[in-house]
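Visitor: Could you walk me through this model? I'd like to start with the surroundings of the ligand.

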Amino acid sequence: MTRVSSDPRDDYFDTHSDSVADRVAVALAKVGLAMKNAQLAQAQEGGLSATQQQILAILAARGAQRPSAIAQRLGVTAATVSDSIKSLCEKGLAERDRDPDDARAQRVALTPKGRRRAESAMGWPDFLVGAIDKLSADKQEAFLAGLIELIATLQREDKVPQSAMCVSCVYFQPWRHGAEAASPHHCGLVDAPMAHRHLRVECPEHERAADEDASRALEQLRDGARSKPKRSDL
Ligand code: SF4
């Protein structure tokens with residue numbers, strides 16, 4: 001039975017609140033600021049800029065990369081990346097080598113010293129992991145699903161750099177096992193079912209799907225069971 005209230009103040013916050021979307025955006029900005037401050041503090045402690053530290057993290061996660069690929073991932077100019085790489089090489093944390101796929105192109109790779117440094121730097125969001133761990137498992141999963149959709153939407157609009165998420169991967173097959181399955185999705189690379197909680201945000205095996213396939217996968221994730229997988233996915 002619907003509860004009927006006679007208190008005229010019951011709808012006060014309906015008419016005196018910013019939208020939920022507005023408040024989520026403000027909340028995310030606060031989290032982003034906390035992360036940026038933590039990252040800056042750690043980078044300064046080790047004598048690196050935030051960009052240099054991010055480059056170390058990319059090289060540790062993805063192996064040797066061309067400078068243009070690093071710039072694209074960070075969403076900064078080639079000149080900014082070039083200066084940071086020069087500085088990392090001078091500090092003995094990175095080195096340049098020839099791209100085996102194109103002898104005219106150069107890649108950047110970590111030195112052993114750079115790898116040690118990157119591994120210690122990659123622990124910097126620990127404070128955030130600790131806070132998220134305090135949420136219930138259901139809330140963590142809902143948070144992950146919401147953030148993945150949000151990032152994929154922003155990527156589609158070119159508002160954030162591309163990242164290696166399942167939703168934009170050629171191997172990802174959303175809802176292949178049906179919405180009722182405990183693990184409804186499928187990774188074609190390892191040929192195994194995956195649940196929503198398994199969706200990756202940064203996967204070393206990621207291979208970028210065509211834009212229209214990534215958009216379709218995002219719509220399918222959003223629409224859930226109402227979307228049918230492509231026939232070629234079956
Ligand atoms: S290869 Fe990685 S990114 Fe691609 S679907 Fe499998 S787990 Fe996801």
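Guide: Sure, here it is.

Visitor: By class, what does the shell around the ligand hold?

Guide: A quick note before that: this is a predicted model, where local features need pLDDT of at least 70, side-chain atom pairs count only at pLDDT 80 or more, and totals for chains, interfaces and linings use all residues. Residues are numbered from 1 along each chain as its sequence is written. Ala, Val, Leu, Ile, Met, Phe, Trp, Tyr, Cys and Pro count as nonpolar, Asp, Glu, Lys and Arg as charged, and the others, Gly among them, as polar. On that split, the shell around the ligand has two charged, one polar and seven nonpolar residues.

Visitor: And which residues are around the ligand?

Guide: A residue counts as near a molecule if its C-beta atom, placed from the backbone, lies within 6 Å of it. That picks out Cys166, Cys169, Tyr171, Phe172, Cys187, Leu189, Arg200, Cys203, Glu205 and His206.

Visitor: How many helices and strands does the chain have?

Guide: Both are DSSP runs numbered from the N terminus: helices are H or I with at least four residues, strands are E with at least two. From the N terminus on, the order is α-α-α-α-α-β-β-α-α-α-β-β-β-α. The count for the chain is nine helices and five strands.

Visitor: In the open sheet of three strands, which strands stand at the edges?

Guide: Strands pair here if DSSP finds at least two bridges between them. The open sheet has the order 3-4-5, with antiparallel pairing. One side of each edge strand is left without a neighbour in the sheet because each has a single partner strand; these are strand 3 (172–173) and strand 5 (192–194).

Visitor: What stands opposite histidine 186 in strand 5?

Guide: Strand 4 (residues 185–187) and strand 5 run antiparallel and are joined by three bridges. Opposite histidine 186, in strand 5, stands proline 193.

Visitor: Which residue in strand 2 is the bridge partner of aspartate 97?

Guide: Strand 1 (residues 94–99) and strand 2 (residues 102–110) run antiparallel, with six bridges between them. A hairpin of two residues connects strand 1 to strand 2. Aspartate 99 has aspartate 102 as its bridge partner in strand 2, and for aspartate 97 the partner is arginine 107.

Visitor: How is helix 2 oriented relative to helix 3?

Guide: Axes are lines fitted to C-alpha atoms, for helices over the stretch in contact, and angles run from 0 to 180 degrees between N-to-C directions. The axes of helix 2 (residues 20–45) and helix 3 come within 9 Å and cross at roughly 90 degrees. Since 65 to 115 degrees is the range for that label, helix 2 and helix 3 are roughly perpendicular.

Visitor: Which residues in helix 3 does helix 2 meet?

Guide: Contact means C-beta atoms, placed from the backbone, within 7 Å. From helix 2 come Gln39, Leu40 and Ala43, and in helix 3 they meet Ala50, Gln52 and Gln53.

Visitor: What distance separates the centres of domain 1 and domain 2?

Guide: The bounds, from an automatic or database domain assignment, are 21–121 for domain 1 and 136–227 for domain 2. Taken over C-alpha atoms, the centres are separated by 25 Å.

Visitor: Which element gives the most to the side of domain 1 that touches domain 2?

Guide: The contact takes six residues from domain 1 and five from domain 2. Helix 3 (50–62) and helix 4 (67–74) are the elements giving two or more residues to that side of domain 1. With three residues, the one that gives the most is helix 4.

Notes
Contact = placed C-beta atoms within 7 Å. Parallel < 35°, antiparallel > 145°, perpendicular 65-115°, else oblique.
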